[in-house]
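Subject: A structure for you to explore

Hi there,

Here is the structure I promised to pass on. Have a look around in your viewer, then read on for what turned up.

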Amino acid sequence: MLIRKTAALIGIMLATLGVKGQDVLKYVNPNIGTAHSRWFFFTPAAVPGGMAKLAPSTNGHYGNASGWEAVGYDVRQNSIEGFVHFHEWQVGGVAFMPATGPLKLQPGELDKPGSGYRSAFSRQNEVAQPGYYKVLLDDYQITAELTATKRVGFHRYTFPKTDQAHIILDLGQKQGESGDVVDSGIRMLDDTHFEGHVTTYPKYVAQFDPEGKITMYIYGQLSRKPESVNAFVAGDIQAGSSNATGKGAGLALNYSTSAGEILEVKVGLSYTSTANAKANLAAEAQQLTFDQAHALASQTWQQELGKIYVEGPNDNDKVKFYTGLFHALLGRGIASDANGAYPRHGGLAGELSGHEKKYGFMNTDAIWGAFWNITQLWALSYPDWYQRFVNTHLRIYKDRGWFSDGIANSEFVSGVGTNFIGLAIAAAYQSGLRDYDVKLAYEAVRKNELGWQNRPKGSGKLDTGKFLKLGYVPHVEDGGKFISDSTGSSFSASHTLEYSFSTFAAAQMARALGNQPDYKMFLDYSNGWQKLFNPANKLIQPKTSTGDFIKNFDPYQPWRGFQEGNATQYTYYVPHNPAKLIGLIGDGQFSEKLDNIFKDAETKAFGGGKTIDAFAGVNAVYNHGNQPSLHISWLFNFSRQPWLTQKWTRMICSQFYGTEPIHGYGYGQDEDQGQLGSWYVLASIGLFDVKGFTDLRPIIEFGSPMFDKVSIVLGNQKKLVIETKNNSQENMYVQSLTFNSKEVKNCWLYRDELMKGGKLVFKMGPEPNKNWGTSVPPPSAQ
């Protein structure tokens, strides 16, 4: 039955793969931004949200010092050390490499050609597309191709004529963010099948959930029996064995090949067991050929990317758009098996059922700042992704009693030490996404804001008790140690701003549920940010526990009171009440001051200039390369100067984002699993919400759409069309707007109205229409 269903699905998908689909896929360039890119960034041989994310690695076995920096595939490096299967936040492992000649069992060093099994390659002989990767390995004259289903990786290697052909299955090497290998094993089960596992101890697991580990399981199927097999551990061959165990375990499969001979490997993956890895292969790919799997992957990408179809003459903008959408849908992969098994804390396995099984369980980087990009995108057209996120974190709450901002196989990997899961769930509820236990959800949201006693480190917000007592987090000088505990935090100001926003979200959810006492309590906490507003300099400034502003204050200094930013950036971090912030700064001064900030930011490409470093812009006046600044360009809508939002969002899209491997998402950036790509998608179609849909009745703000026409399949299956008349690079300013032929005088609309579908028509011009969108600004405090 399963085989017949799979064959029928292939037939349907192949029949529907048309010209329009090819046009969408051709605009995705996975190589964009691959200088200084994170471990999960360049993984083309994958399907949207898949567990199997196959990709070449140029430097993966080196790992990285801080456990998160750029590693894996770097466009500036010209040799490949293997093709790796798992690529998630803090998760990586299982490298395969085809080779010829004398057998080498270590990946080798970047600066020492021939020192291991790595091979030089030319990017002229490389193809990277959604769902597919191909490259010629120059040292071996082997063509390697990769594709995937959701939980199965496919390899196709075309060999030259040789009696020394090898496929090296290296499970024992550290890969990317995964940390050191603590155990691994692999064995042949019969002539053409193998199974294995690798367990790692990533740095962020060690820091935030030290009793946890990350284990990856595989079950593989070979297209041809090897003529011999060498088991090895840490590069040492285990004579006469096809079973390797311990750190550094692997197998070398040895063949004689004729010219052009193809050897293929299918690999089922799982985070729970080798039995489930085998079951995943059987469920998804037992009868699939490589070409069929490739076609399925392409069609899946077409289906998902095609939900937002943009039209216009500027191909570079389309490349930015669809590459951004590709990265948004690539990250945060599924971690549960086809049968509903999922990885629990401490190496255990649990079982999903009901709506949990329907959506699946995911691995995810921190959701820090994602309410300004990826959750809005999910709510627009990908509600099942948002439901998966919510159900995943409610499962974590049921298992562990707390939320964690980021998770790797149920292990807490908070990363930023704060926690916005409650806000994201509250926003899902306000967006009408409620296929989960709402009572449990509110219980968890409430605890995330109020719980501080016995709170585990991996749940973040360890300074919550002080925030609840004082209304702000007191500043602690840390000597560079980044402290957050019961006494306060070295990120005291940014935490105060974040907790003010997240308690606002909890207040609105409480209000929606009819809980007036909680609504009033949380709303009071949401005003905590005002305690740090310094009227003398009109900036947010950290305070000590005695209520005094800190001394020797430098508004451009990052990391002192502000995480990954500075006071100039974070002063605008009041998304839940822009009107109050504008009033404190001054109605006449706010827009002028902010406009000058963007004029200065433009000289530095809206980030850290051309410095290739994730934190290049942390001391700048504005830093689009990191999350805390992403809403700021939209605040002009609240200050009755929407033409400046139109101008600066356009300029950011044009100048910060690029179409090159080095200038992709800025030069120095931290692209957390599709967040910067999602921002471009939203801004380029002119839709955004500063509050991330946390309002009781969420709104959509309007910017400056960049495309002549955008056709959107909404999450409720209705259709929204955005037409932009007189559109050009110069005509960035909205002159008028209609929705379903009715005039829209405001620069915003209630989201529930927009989600009914229909047609938005923007008329553009080269000069601002200062009479449009100014009379009624978007609602602020509720």
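Helix α3, residues 203-208, contributes four residues to the lining of the second largest pocket, and no other element gives more. Please keep in mind that this is a predicted model. The pocket that helix α3 helps to line holds about 720 Å³ of space. Its lining is made up of 33 residues, and those closest to the pocket centre are Tyr204, Phe208, Gly415, Val416 and Gln563. By type, the lining of this second largest pocket splits into 13 nonpolar, eleven polar and nine charged residues. Both domain 1 (27-306) and domain 2 (465-576) supply at least three residues each to that lining.

Next, the enclosed spaces. Searching the whole structure turns up nine cavities of 30 Å³ or more. The largest cavity has a volume of about 80 Å³. Among the residues lining the largest cavity are Lys213, Thr215, Tyr217, Pro343, Arg344 and Glu411. If you sort the lining of the largest cavity by type, you get five nonpolar, four polar and three charged residues.

Finally, something from the records. An unreviewed UniProt entry carries the annotation "domain: Glycosyl hydrolase family" for residues 276-766. In the model, that span is 39% helix and 12% strand, and the C-alpha atoms at its two ends lie 59 Å apart.

A good place to start is to colour Tyr204 and Phe208, two of the residues closest to the centre of the second largest pocket.

Enjoy exploring!

Note on methods:
Residues numbered from 1 in each chain as written. Predicted model: local features only at pLDDT ≥ 70, side-chain atom pairs only at ≥ 80, totals over all residues. Heavy atoms only, no water. UniProt positions renumbered as here; feature names shortened; annotations may be inferred. 1 Å grid on protein atoms, 1.4 Å probe; cavity = no way out; pocket = protein on both sides within 12 Å on 5 of 7 lines; lining within 4 Å. Points joined across faces, edges and corners; volume = space filled by probe spheres on them. Nonpolar A, V, L, I, M, F, W, Y, C, P; charged D, E, K, R; others polar. Domains from an automatic or database assignment.
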